[in-house]
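Student: I have a new structure to read. Can you take me through it feature by feature?

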Amino acid sequence: MYKILREKGKTIIGEEIQPACYQSLETGAVFLEDKNNKEYQQYLKWLEEGNTPLPADPIPEPEPLTAQ
């Protein structure tokens, strides 16, 4: 089973949009969305078999600023 750690395009650093990031819950391996990555290829095969990854955790809302 796999879990989405970060969805594609959710995090922006400068002008670069970061690729999606996944984790294998079986091995603990963390990997990016990269067609040359062996773990990612296994993930795609797993999806083709009809499986669905666990969703990414929601991004927590920032706490409001308080006057000091």
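Tutor: Start with the sheet, and keep in mind that this is a predicted model. Three strands, 3 in number, make an open sheet in the order β1-β4-β5, with antiparallel pairing. The edge strands are β1 and β5 (30-32), and each pairs on one side only. On average, neighbouring strands of this sheet are turned by 30° against each other, direction ignored.

Student: How many bridges join β1 and β4?

Tutor: Look for residues that stand opposite each other. β1 and β4 (residues 21-24) pair in the antiparallel sense over 4 bridges. Y2 stands opposite S24 in β4. R6 has C21 in β4 as its bridge partner.

Student: And how many bridges join β4 to β5?

Tutor: Here there are 3 bridges, and the strands run antiparallel. Q23 stands opposite V30 in β5.

Student: What do β4 and β5 form, and how many residues lie between them?

Tutor: They form a hairpin, with 5 residues between them. Check the turn for G28: its phi is positive, about 85°.

Student: Which way do side chains point in a strand?

Tutor: In a regular strand they alternate between the two faces of the sheet.

Student: Which strands does helix α1 lie across?

Tutor: Helix α1 (residues 38-48) lies across β1, β4 and β5. It runs at about 90° to β5.

Student: Now the surface. Which residues make the nonpolar patch?

Tutor: M1, L25 and L54 make this patch of about 260 Å². M1 is found in the segment before β1 (2-6).

Student: How exposed is M1?

Tutor: M1 has a relative accessible area of 49%, so it counts as partly exposed; exposed would need over 50%.

How values were computed:
Residues are numbered from 1 along each chain as its sequence is written. This is a predicted model: local features need pLDDT of at least 70, side-chain atom pairs count only at pLDDT 80 or more; totals for chains, interfaces and linings use all residues. Side-chain values use heavy atoms; hydrogens and water are left out. Patches are made of residues with over 30% relative accessible area and no salt bridge: like charges are joined within 9 Å, nonpolar side chains (Val, Leu, Ile, Met, Phe, Trp, Tyr) within 5 Å. Accessible areas come from the Shrake-Rupley method with a 1.4 Å probe; for residues, only the protein chains shown count as cover. A salt bridge is a side-chain nitrogen of Lys or Arg within 4 Å of a carboxyl oxygen of Asp or Glu. Helices (H or I, at least four residues) and strands (E, at least two) are DSSP runs, numbered from the N terminus. Buried means under 20% relative accessible area, exposed over 50%, partly exposed in between (1.4 Å probe, protein chains only). Two strands pair if DSSP finds at least two bridges between them. Axes are lines fitted to C-alpha atoms, for helices over the stretch in contact, and angles run from 0 to 180 degrees between N-to-C directions. Contact means heavy atoms within 4.5 Å.
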